[in-house]
Amino acid sequence: MTTLQFTVLGPPVPKGRPRSRLVKNKGSGPDFISVYTPDKTAHYENCVRDEAAKLGSYFGPLIPLLVVMTFYVERPKSLPRKIKSPVKKPDIENYMKSVLDALEGIIYYNDAQVVRVVADKFYGSPPRTEIEVRDIEVG
């Protein structure tokens with residue numbers, strides 16, 4: 001069994017919704033719509049990719065995988081001490097989408113290989129994302 005672990009320092013960023021804009025063609029040809037990922041999401045996904053690429057490992061396309069993600073977010077100073085868990089937005093699945101999309105083509109061929117996910121969201125300092133990818137036997 002192979003296990004890859006790494007940490008991405010900095011606040012986790014949830015997957016932003018794709019944005020679109022109308023691009024007017026100044027020459028010949030029709031205008032068109034360009035779809036893009038928000039800058040903040042793209043930057044975070046690049047940070048995840050960079051850390052993952054340092055491992056130099058890759059799971060082939062037919063290997064089922066388990067991905068464990070732990071997201072540590074900054075605790076707001078104005079938050080009452082009795083509140084122990086980050087139960088407000090952003091939702092944990094949007095954090096997960098950012099990581100799973102970023103690892104595609106770096107750690108695994110396609111995120112369809114991920115057959116099990118474990119994810120947690122906590123207050124913690126420094127803000128960071130801890131990621132573990134492991135091949136598993138299914139059946």
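Where in the chain does P126 lie? P126 lies in the loop between strand 5 and strand 6, the strand that covers residues 128–135. We will come back to this proline after a walk through the rest of the structure. Please keep in mind that you are looking at a predicted model.

Let's begin with the overall plan. The chain contains 2 helices and 6 strands. If you read along the sequence, these elements follow the pattern β-β-β-α-β-α-β-β. To get a feeling for the dimensions, picture a box drawn along the principal axes: the C-alpha atoms fill roughly 55 × 45 × 30 Å. The chain has 139 residues, and buried ones make up 31% of them. Its accessible surface comes to about 9100 Å², and carbon and sulfur atoms account for 53% of that area.

How does the sequence relate to the fold? Take the contacts in the chain with a separation of 6 or more: 82% of them are between residues 24 or more positions apart. Charge is another thing to look for. There are 21 positive and 16 negative side chains, and the centres of these two sets lie 11 Å apart.

Now let's turn to the aromatic rings. A pair of aromatic rings is described by the distance of the centres and the angle of the planes. How many aromatic pairs does a search of the whole structure find? The search finds 2. One of them joins F71 and Y95, a stacked pair with 5.1 Å from centre to centre and 25° between the planes. F71 belongs to strand 4 (residues 65–73) and Y95 to helix 2 (residues 92–103), so this pair ties together parts that are 24 residues apart in sequence. Are these two residues buried or exposed? F71 counts as buried because its relative accessibility is 0%. Y95 is buried too, because its value of 5% is under the 20% cut-off.

The other pair is made by Y72 and F122, and it is tilted: the centres are 5.9 Å apart, with 35° between the planes. Y72 lies in strand 4 and F122 in strand 5 (residues 114–123), so the pair ties together parts that are 50 residues apart in sequence. Y72 counts as buried at 16% relative accessibility, whereas F122 is partly exposed, with a relative accessible area of 37%. Y72 has a charged partner as well: R128 lies over the face of the Y72 ring, at 3.8 Å from the ring centre.

Next, find V13 in the loop between strand 1 (3–9) and strand 2. Although V13 is in a loop, its relative accessibility is 9%, so it counts as buried. Which residues touch V13, leaving aside its neighbours within four places in sequence? They are K40, T41, Y44, Y95 and S98. You have already met Y95 as the stacking partner of F71. V13 and I92 are 79 residues apart in sequence, and their C-alpha atoms are 10 Å apart in space.

The loop between strand 2 (19–23) and strand 3 (32–36) holds K26, and G27 is also found between these two strands. K26 counts as exposed because its relative accessibility is 87%. G27 is exposed as well, with a relative accessible area of 52%, a value over the 50% cut-off. K26 and V8 are 18 residues apart along the chain, and 42 Å separates their C-alpha atoms. For G27 and V117, which are 90 residues apart along the chain, the C-alpha separation is 48 Å.

Finally, let's return to the prolines. Most residues other than glycine have a negative phi, and most peptide bonds are trans. The peptide bond from S125 to P126 is cis, with omega near 5°. S125 lies in the loop between strand 5 and strand 6, and at 61% relative accessibility it counts as exposed. The C-alpha atoms of S125 and P64 are 32 Å apart in space, while the two residues are 61 apart in sequence. Another cis peptide bond runs from K89 to P90, also with omega near 5°. P90 lies in the loop between strand 4 and helix 2.

Notes
Residues numbered from 1 in each chain as written. Predicted model: local features only at pLDDT ≥ 70, side-chain atom pairs only at ≥ 80, totals over all residues. Heavy atoms only, no water. Helix = DSSP H or I, 4+ residues; strand = E, 2+ residues; numbered from the N terminus. Buried < 20%, exposed > 50% of the residue type's maximum accessible area, 1.4 Å probe, protein only. Contact = heavy atoms within 4.5 Å. Areas by Shrake-Rupley, 256 points an atom, 1.4 Å probe, with all protein chains shown as cover. Lys, Arg positive; Asp, Glu negative; His and termini not counted. Charge placed at Lys NZ, Arg CZ, Asp CG, Glu CD. Phe/Tyr/Trp six-rings, centres within 6.5 Å; stacked < 30°, edge-to-face > 60°. Lys NZ or Arg CZ within 6 Å of the ring centre and 35° of its normal.
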